[in-house]
Amino acid sequence: MTHRLTVRVYYEDTDLAGIVYYANYLKFIERARSEWVRGLGLDQVRLKAESGIVFAVRRVEADYLSPAKFDDLLTVETDLQRFTPARLVVDQAVLRGETRLFEARVTLAALGAGGRPVRLPAEFRRSLETG
């Protein structure tokens, strides 16, 4: 199931050429992943407080296809591709209308308080399985 988040491009998101600065796409997809996880019922603040588990980006493969500009209304799509006991792989895209502007495949690792990989919480794994 695809999760969608709407994002408006503000002046602060753009560079001197008036287009979205390349690193800001990573911020847009981060926000979308956070909302996707929240929508699956996982409170990341509580998870960290109770078990010390956090998610860390292990890998990003990104393609910049077309520029977004000031005041554009964008949609960020997030799709789970696969997961293992300690990792998630999601595909994300940023669109303006039907036009794909940016695509990324992101690998996330669940880390414990000591920074070592740990298993995803069982409840969260069940949410991933049911979508």
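1. Contact range. Take contacts in the chain between residues at least 6 apart in sequence: 65% of them join residues at least 24 apart. This comes from a predicted model.

2. Fold outline. The chain has three helices and five strands. Along the sequence, the order reads β-α-α-β-β-β-β-α. The radius of gyration is 16 Å, close to the 14 Å given by the globule rule for 131 residues, so the chain is as compact as a globular protein of that length. Along the principal axes, the C-alpha atoms fill a box of roughly 45 × 30 × 25 Å.

3. Burial and surface. Of the 131 residues in the chain, 39% are buried. The exposed area of the chain is about 7,900 Å². Carbon and sulfur atoms supply 49% of that area.

4. Largest pocket. Its volume is about 190 Å³. Which residues line the largest pocket? The lining consists of M1, T2, H3, W36, G39, L40, D79, L80, S127, L128 and G131. Three elements each supply at least two lining residues: α1 (24-39), β3 (73-83) and α3 (122-130). By class, the lining divides into five nonpolar, five polar and one charged residue. The charged one is D79.

5. V20. This residue sits in the loop between β1 (3-8) and α1. Is V20 buried or exposed? V20 is buried, because its relative accessible area is 5% and the cut-off for buried is under 20%. Leaving aside residues up to four places away in sequence, V20 touches V9, D13, T14, Y25, F28, A68 and K69. One of these partners, Y25, falls within the span of α1, as does F28. V89 is 69 residues from V20 in sequence, and the two C-alpha atoms are 25 Å apart.

6. D71. Check the backbone here. Phi of D71 is near 75°, a positive value in a residue other than glycine. Most residues other than glycine have a negative phi. D71 is placed in the loop between β2 (54-64) and β3. With a relative accessibility of 44%, D71 counts as partly exposed, since that value falls between the 20% and 50% cut-offs.

7. D43. The loop between α1 and α2 (44-51) holds D43. Its relative accessibility is 37%, so D43 counts as partly exposed. How far apart in space are D43 and F124, C-alpha to C-alpha? The distance is 10.0 Å, for two residues 81 apart in sequence. F124 lies within the range of α3.

8. R46. Helix α2 contains R46. R46 counts as partly exposed because its relative accessibility is 42%. A104 is 58 residues from R46 along the chain. Their C-alpha atoms are separated by 28 Å.

9. Sequence distance against space. Set the three pairs side by side. D43 and F124, 81 residues apart in sequence, have C-alpha atoms 10.0 Å apart. V20 and V89, 69 residues apart, are at 25 Å. R46 and A104, 58 residues apart, are at 28 Å.

Conventions. Residues numbered from 1 in each chain as written. Predicted model: local features only at pLDDT ≥ 70, side-chain atom pairs only at ≥ 80, totals over all residues. Heavy atoms only, no water. 1 Å grid on protein atoms, 1.4 Å probe; cavity = no way out; pocket = protein on both sides within 12 Å on 5 of 7 lines; lining within 4 Å. Points joined across faces, edges and corners; volume = space filled by probe spheres on them. Helix = DSSP H or I, 4+ residues; strand = E, 2+ residues; numbered from the N terminus. Rg over C-alpha atoms; globule rule 2.2 N^0.38 Å. Buried < 20%, exposed > 50% of the residue type's maximum accessible area, 1.4 Å probe, protein only. Contact = heavy atoms within 4.5 Å. Areas by Shrake-Rupley, 256 points an atom, 1.4 Å probe, with all protein chains shown as cover.
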